[in-house]
Amino acid sequence: MRKRRIVGPNGQEVDAIEVSCQNAREHWNEYLLDDGAILRLKPVATEIFRIDDQYDNEGNPVYVLKSANIVTVNAPEHLKKKKE
């Protein structure tokens, strides 16, 4: 684990510990749109930090997660661009 300064949830710089992740499951979320398209979204964690000496109302440590969203589209034929 490595200590770093990051921007915390309140927008202030804070000391935090980078935490590695051993086991992860990243499932797809699917959204059926009114126009017939299906969007699939999967958030992928890129970095996880535990903020030093900060806790939520239940006494749990506060974590900051950096992530990227992977998005795929499955559109019906009538929405696709016509091939030339």
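How much area does the chain expose, and what share of it do carbon and sulfur atoms supply? The chain exposes about 7000 Å², of which carbon and sulfur atoms supply 47%, with areas taken by the Shrake-Rupley method with a 1.4 Å probe.

Before going on, I should say that this is a predicted model, in which local features need pLDDT of at least 70 and side-chain atom pairs count only at pLDDT 80 or more, while totals for chains, interfaces and linings use all residues. Residues are numbered from 1 along each chain as its sequence is written, and side-chain values use heavy atoms, leaving out hydrogens and water.

As for the fold, the chain has zero helices and five strands, where strands are DSSP runs of E with at least two residues and helices are runs of H or I with at least four. The radius of gyration, taken over C-alpha atoms, is 19 Å, well over the 12 Å that the globule rule (2.2 Å times the number of residues to the power 0.38) gives for 84 residues, so the chain is more spread out than a compact globule.

Buried residues, meaning those under 20% relative accessible area, make up 14% of the 84 residues. The largest nonpolar core has seven residues, namely Ile 6, Val 14, Ala 16, Phe 49, Ile 51, Val 62 and Val 64, and such a core joins buried Ala, Val, Leu, Ile, Met, Phe, Trp, Tyr and Cys residues through side-chain atoms within 4.5 Å. Strands β2 (13-18), β4 and β5 (61-74) each supply at least two residues of this core.

Finally, Lys 42 lies in strand β4, residues 38-55.

Notes
Buried < 20%, exposed > 50% of the residue type's maximum accessible area, 1.4 Å probe, protein only.
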